[in-house]
Amino acid sequence: MATKHQDGGLLEAQHAKLQPPKMYKVMLLNDDFTPMDFVILVLQRFFSLDTEQATRIMLKVHNEGRGVCGVYPRDIAATKVEQVSAFARQHQHPLACVMEEN
């Protein structure tokens, strides 16, 4: 399909291929100081997980060094990382929250 332009030239219709947004994993990293109960609280508060889901992810962080909390578009992932990091600092815990491309 072509459209006539003001100067008489033709513009080809652009068939833009919309890519879904890149998604990012938000992860918690293990440390030797943050209490397990605090990690569960973070998972429930910021990732809307129930106690069973939060406990499962907390144990994964504890046993494997990291655990995925959720997968989000970049801006939401970045916001979650900042919220969790600020909350951990407020409570004097070194809990690390990071994001990486999925």
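**Reading the labels on this predicted model**

User: How many helical turns separate Glu-52 and Arg-56 in helix α2?

Analyst: About one helical turn separates them, because Glu-52 and Arg-56 are four residues apart in helix α2. Note that the model is predicted.

User: What makes the contact between the side chains of Glu-52 and Arg-56 a salt bridge?

Analyst: The N to O distance for Glu-52 and Arg-56 is 3.2 Å. The cut-off is 4 Å between a side-chain nitrogen of Lys or Arg and a carboxyl oxygen of Asp or Glu, so the pair qualifies.

User: Why is Glu-52 called exposed?

Analyst: Its relative accessible area is 57%. Exposed means over 50%, so Glu-52 is exposed.

User: Where do Lys-60 and Glu-64 lie, and what joins them?

Analyst: Both are in helix α2, four residues apart, about one turn of the helix. A salt bridge joins them, with the closest N and O atoms 2.8 Å apart, and that value is within the 4 Å limit.

User: Why do Lys-60 and Glu-64 get the accessibility labels they have?

Analyst: Lys-60 has a relative accessible area of 38%. Since that falls between 20% and 50%, Lys-60 is partly exposed. Glu-64 has 55%, which is over 50%, so Glu-64 is exposed.

User: How do you know that Glu-82 and Arg-89 form a salt bridge?

Analyst: Their side chains meet at 3.5 Å, N to O; the limit is 4 Å, so the pair counts. Glu-82 is partly exposed at 43% relative accessibility, whereas Arg-89 is exposed at 54%. Elsewhere, salt bridges that share partners join Lys-25, Arg-66 and Glu-100 into one network. The whole structure has five salt bridges.

User: Why is the aromatic pair of Phe-38 and Phe-87 called what it is?

Analyst: Three aromatic pairs were found in the whole structure. In the pair of Phe-38 and Phe-87 the ring centres are 5.4 Å apart and the planes differ by 10°. The centres are within 6.5 Å and the angle is under 30 degrees, so the pair counts as stacked. Phe-38 lies in helix α1 and Phe-87 in helix α3, so this pair ties together parts that are 49 residues apart in sequence.

User: What kind of aromatic pair do Phe-46 and Phe-87 form?

Analyst: Here the values are 5.2 Å centre to centre and 65° between the planes. An angle over 60 counts as edge-to-face, so that is the label. Phe-46 belongs to helix α1 and Phe-87 to helix α3, so the pair ties together parts 41 residues apart in sequence. Ring pairs link Phe-38, Phe-46 and Phe-87 into a cluster. Phe-38 and Phe-87 are buried, and Phe-46 is buried too.

User: Which elements give two or more residues to the largest nonpolar core?

Analyst: This core has 24 residues, and those with the most contacts inside it include Val-26, Leu-43 and Phe-47. The elements giving two or more residues are β3, α1, α2, β4 and α3. Helix α1 provides the largest share, seven residues.

User: Which residues does Leu-43 touch beyond four places in sequence?

Analyst: Among them are Leu-28, Ala-54, Ile-57, Met-58 and Cys-69. Ser-48 is also on the list.

User: What is notable about the phi of Ser-48, and why is Ser-48 called exposed?

Analyst: Ser-48 has a positive phi of about 55° although it is not a glycine. It sits in the loop between α1 and α2. Its relative accessibility is 65%, over the 50% cut-off, so Ser-48 counts as exposed. Gln-92 has a positive phi of about 55° as well, and it is not a glycine. Gln-92 lies in the loop between α3 and β5 and is exposed at 69% relative accessibility.

User: Why is Val-98 called partly exposed?

Analyst: Val-98, in strand β5, has 28% relative accessibility. That lies between 20% and 50%, so the label is partly exposed. Val-98 and Val-26 are 72 residues apart in sequence and 5.8 Å apart in space, C-alpha to C-alpha. Val-98 is also in contact with Lys-25, Met-27, Leu-29 and Val-81, among others.

Definitions and conventions
Residues are numbered from 1 along each chain as its sequence is written. This is a predicted model: local features need pLDDT of at least 70, side-chain atom pairs count only at pLDDT 80 or more; totals for chains, interfaces and linings use all residues. Side-chain values use heavy atoms; hydrogens and water are left out. A nonpolar core is a set of buried Ala, Val, Leu, Ile, Met, Phe, Trp, Tyr and Cys residues joined through side-chain atoms within 4.5 Å. Buried means under 20% relative accessible area, exposed over 50%, partly exposed in between (1.4 Å probe, protein chains only). Contact means heavy atoms within 4.5 Å. Rings of Phe, Tyr and Trp (its six-membered ring) pair if their centres lie within 6.5 Å; planes under 30 degrees apart count as stacked, over 60 as edge-to-face and the rest as tilted.
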